[in-house]
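User: I am new to this structure and would like to go through it step by step. Please answer each question briefly and show the reasoning.

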Amino acid sequence: MSHEDRTKWNERYADSERAPTAPSLLLTALEQQLPMSGRALDIAGGGGRHAIWLARRGLDATVVDISQAGLAIAEARARAAGVALQTRCRDLEVESLPEGPWNLIVSFHFLLRSLFAQIPTALAPGGLLVVVQPTLRNLERHDRPPAPYLLEEGELPRLAAGLEVLHYEEGWLAEGRHDALLVARRAS
């Protein structure tokens with residue numbers, strides 16, 4: 001399956017114009033709560049839109065993704081933006097997260113439930129986790145992503161066990177999907 005995923009995402013990123021450039025409105029709305037220094041990890045960050053925004057804020061940002069094509073886009077865009085960006089090509093279904101500790105971990109539209117077990121120890125004390133993931137209700141208006149990649153109602157806080165939930169909401173949020181948004185912190 002992972003080889004198929006890598007091929008699929010490399011093909012999607014073959015046209016760099018398809019990779020979004022602006023950070024999610026859901027992330028930028030959290031600007032006041034996010035650190036402005038330290039290390040940030042963007043999980044499955046593809047073309048780097050979130051990692052670049054975080055680097056512009058002063059964070060030492062790393063994007064991890066299965067797609068080398070997506071990471072090449074992220075690297076080129078970071079150079080054009082004049083920011084440093086680290087990239088790591090990893091298949092998170094079989095490889096662990098890049099070594100922390102991380103002051104901030106963001107994950108947008110990537111659901112690998114088993115990965116949540118790694119996050120509490122990957123975060124630095126006081127570090128934040130921000131997750132945005134569509135829920136099953138998203139299928140009421142959109143046929144993608146399919147059900148295996150969608151959260152059940154109220155599932156995301158349970159996945160973040162071991163972290164203090166600072167903010168959680170589900171709904172038809174800023175980008176037209178029925179998303180779950182979680183901000184959680186590792187105890188200091």
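User: Where is R57 found?

Analyst: This is a predicted model, and the positions below are read from it. R57 belongs to no helix or strand here; R57 is found in the loop between α3 and β2.

User: Is R57 buried or exposed?

Analyst: A residue counts as buried when its relative accessible area is under 20%. The value for R57 is 10%, so R57 is buried.

User: Which residue forms a salt bridge with R57?

Analyst: Leaving aside neighbours within four places in sequence, R57 is in contact with E31, L34, P35 and M36. A salt bridge needs a side-chain nitrogen of Lys or Arg within 4 Å of a carboxyl oxygen of Asp or Glu. The closest N and O atoms of R57 and its partner are 3.4 Å apart, and that partner is E31.

User: How many residues apart in sequence are the parts that the pair of R57 and E31 ties together?

Analyst: R57 lies in the loop between α3 (49-56) and β2 (60-65), while E31 lies in the loop between α2 (25-28) and β1 (39-43). E31 is partly exposed, with a relative accessible area of 36%. Because the two residues sit in these separate loops, the pair ties together parts whose separation in sequence is 26 residues.

User: How far does the backbone oxygen of E31 lie from a polar atom of the side chain of R57?

Analyst: The salt bridge between R57 and E31 joins their side chains. The backbone of E31 also takes part in a contact with R57: its oxygen lies from a polar atom of the R57 side chain at a distance of 3.2 Å.

User: Why is α3 largely enclosed by the rest of the structure?

Analyst: The buried residues of α3 are R49, H50, A51, I52, W53, L54 and A55. What covers them includes α2, β1, β2, α4 (68-81) and β4 (102-108). The helix is largely enclosed because the buried residues number seven of the eight.

User: Which residue with a positive phi follows α3?

Analyst: The phi of this residue is near 110°. The residue that follows α3 with this positive value is G58.

User: How many helices and strands does the chain have?

Analyst: From the N terminus on, the elements run α-α-β-α-β-α-β-β-α-β-α-β-β. The chain has 188 residues, and buried residues make up 46% of them. The chain's elements come to six helices and seven strands.

User: Which strands pair with β7, and in what sense?

Analyst: Seven bridges join β5 (residues 123-134) to β7, and Q133 stands opposite A180 in β7. Eight bridges join β6 to β7, with E169 as the bridge partner of L181 in β7. The strands are β5 and β6, and the sense is antiparallel.

User: In the hairpin of β6 and β7, which residue takes a positive phi?

Analyst: There are five residues between the strands of this hairpin. The phi is near 85°, and the residue is G176.

User: Which residue does E164 meet in a salt bridge?

Analyst: E164 lies in strand β6 (residues 164-172) and its partner in strand β7 (residues 178-185), so the pair ties together parts that are 21 residues apart in sequence. E164 is partly exposed at 42% relative accessibility, and its partner is partly exposed at 29%. The N to O distance is 3.0 Å, and the partner is R185.

User: Is D179 buried or exposed?

Analyst: The side chains of D179 and R177 meet in a salt bridge, at 3.7 Å from N to O. R177 has a relative accessible area of 19%, so R177 is buried. D179 has a relative accessibility of 0%, so D179 is buried.

User: How many residues are in the largest nonpolar core?

Analyst: I43, L97, I105, F116, I119, L129 and L156 touch the most other members. The elements that give two or more residues to this core are β1, β4, α5 (119-122), β5, α6 (155-159) and β7. Another core lies apart from it, with 17 residues, among them L27, L30, A40 and V132. The count for the largest nonpolar core is 24.

Key
Residues numbered from 1 in each chain as written. Predicted model: local features only at pLDDT ≥ 70, side-chain atom pairs only at ≥ 80, totals over all residues. Heavy atoms only, no water. Helix = DSSP H or I, 4+ residues; strand = E, 2+ residues; numbered from the N terminus. Buried < 20%, exposed > 50% of the residue type's maximum accessible area, 1.4 Å probe, protein only. Contact = heavy atoms within 4.5 Å. Pairing = 2+ DSSP bridges. Core = buried A, V, L, I, M, F, W, Y, C linked by side-chain atoms within 4.5 Å. Polar contact = N/O pair within 3.5 Å; in protein donor to acceptor, adjacent residues only side chain to side chain.
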